[in-house]
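User: I want the reasoning behind the labels on this model. Take me through surface, pockets and cores.

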Amino acid sequence: MIYKDARYLNLRFMNTNDLNLFEAVAHYGSFTKAAEAMFTVQSNVTTRIKNLEAEFGAPLFTRNNRKVELTPEGEKLMYYSKQLHHILDEAKRSIGTSDVVKGRIKIGFLETMMTLKGPELVNELAAKFPLVDLDFRSAMRDSLISDVLNYKLDAAFIPAPLDLPELEQIRIKDEQVVLVAPAACENLDMLLKNNPLKTIVFDQGCVFRAKLDYWLVSKGIAQYHKTVMNSIEGVVNFIESGIGFSVMPEEIISTFYSNRKIKTFQLPAELGLMTTILVYRKDVPLSPALKAFSSISAGTKSDLVDK
């Protein structure tokens with residue numbers, strides 16, 4: 001049928017690729033980076049987003065010189081876009097001839113957990129679900145939470161506790177956190193007598209840095225020298241050189257640095273135990289790929305964290 005009415009000449013049918021581009025812009029915070037990731041040109045991304053905004057009658061992004069962010073209307077569309085992709089995935093699995101789980105998921109980690117659990121997860125996922133691809137991102141806890149809330153990550157491993165009603169939580173593991181000092185340090189009293197007191201820490205926002213701060217405050221120490229490092233190897237190297245001390249997961253030290261000239265000391269129970277949880281948005285249905293990943297991450301103990 002040929003329509004001559006002008007309404008039909010201007011009618012535009014949205015397709016899933018428009019939503020893929022929309023999600024890419026939200027994830028990368030940039031039209032240019034989204035275009036590169038989606039193997040297209042920026043002008044195409046800009047046009048498709050403008051068409052979406054015209055179709056929904058609302059701005060989907062706020063734009064400035066530094067980054068692009070979702071508007072409240074954009075966040076609503078993201079919710080429905082995720083649901084639509086989930087429904088399409090389910091339809092393909094139900095109607096198609098194959099029940100193979102496939103897809104790409106974006107997962108956030110603390111660097112320490114990436115070092116310990118990342119390779120294990122990748123290997124197990126590749127063995128059980130070879131068509132599931134992973135995009136890993138290492139960042140601080142608050143940044144990971146923000147990226148999950150803003151749909152930039154499908155899920156993230158973070159330290160508990162967390163009290164956000166928008167996020168579901170799965171307990172993954174408990175681990176010991178210890179104070180790590182140079183090998184010459186005989187005891188903590190000796191360590192605290194150093195003047196000036198020197199620590200080796202990660203960037204602001206690091207959970208291990210916060211634990212170190214709490215411990216020192218409990219000892220009546222508020223002022224001390226901080227050397228900031230952005231890698232586990234760097235922190236260990238500086239401690240071994242006698243420059244200072246830090247707080248790190250005991251498993252990191254025993255697994256990778258047991259032969260180094262460093263020594264560990266137990267922290268009080270309230271600081272020495274860290275529970276890692278996997279978090280994801282409650283309002284977005286779990287894709288088959290994310291279901292597969294979460295089942296592997298939690299093993300047979302896929303328990304929701306008590307709220």
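User: What makes up the area that the chain exposes?

Analyst: This is a predicted model. Its chain exposes about 16,800 Å². Carbon and sulfur atoms supply 52% of that area.

User: How many of the residues count as buried, and why are they called that?

Analyst: Buried residues make up 43% of the 307 in the chain. They are called buried because their relative accessible area is under 20%.

User: What makes the space of about 1,200 Å³ a pocket and not a cavity?

Analyst: A cavity holds points where a 1.4 Å probe fits but cannot get out, whereas a pocket is an open set. The space of about 1,200 Å³ lies in the largest pocket, so it belongs to an open set.

User: Which residues line the largest pocket, and why do they count as lining?

Analyst: There are 41, and Glu 23, His 85, Asp 89, Gly 103 and Arg 104 lie nearest the centre. They count because each has an atom within 4 Å of a pocket point. Helix H5 (72-95) is one of the elements that supply at least two lining residues. H5 gives the largest share, seven.

User: How do you know which class Gly 103 and Arg 104 fall in?

Analyst: Gly counts as polar and Arg as charged, so these two lining residues fall in separate classes. Overall, the lining has 19 nonpolar, 10 polar and 12 charged residues.

User: Why is Lys 211 of the second largest pocket called charged, and how does the rest of that lining divide?

Analyst: Lys is on the charged list, so Lys 211 is charged. Ala 160, Val 207, Ala 210 and Tyr 214 also lie nearest the centre of this pocket. Ala, Val and Tyr count as nonpolar, so those four are nonpolar. The whole lining divides into 10 nonpolar, three polar and six charged residues. H9 provides the largest share, six residues. The pocket's volume is about 370 Å³.

User: What makes the set of 48 residues a nonpolar core?

Analyst: Its members are buried nonpolar residues joined through side-chain atoms within 4.5 Å, so the set meets the definition. Those with the most contacts inside it include Trp 215, Phe 245 and Met 248. Strand E6 (residues 167-182) gives the most to this core, six residues. Apart from it lies another core, of 21 residues, among them Leu 121, Val 132, Ala 289 and Ile 296.

User: Which residues does Met 248 touch beyond its sequence neighbours, and why do they count as contacts?

Analyst: Leaving aside neighbours within four places, the contacts of Met 248 include Gln 176, Val 178, Phe 208, Ile 232 and Ile 253. They count because heavy atoms lie within 4.5 Å.

Key
Residues numbered from 1 in each chain as written. Predicted model: local features only at pLDDT ≥ 70, side-chain atom pairs only at ≥ 80, totals over all residues. Heavy atoms only, no water. 1 Å grid on protein atoms, 1.4 Å probe; cavity = no way out; pocket = protein on both sides within 12 Å on 5 of 7 lines; lining within 4 Å. Points joined across faces, edges and corners; volume = space filled by probe spheres on them. Helix = DSSP H or I, 4+ residues; strand = E, 2+ residues; numbered from the N terminus. Buried < 20%, exposed > 50% of the residue type's maximum accessible area, 1.4 Å probe, protein only. Areas by Shrake-Rupley, 256 points an atom, 1.4 Å probe, with all protein chains shown as cover.
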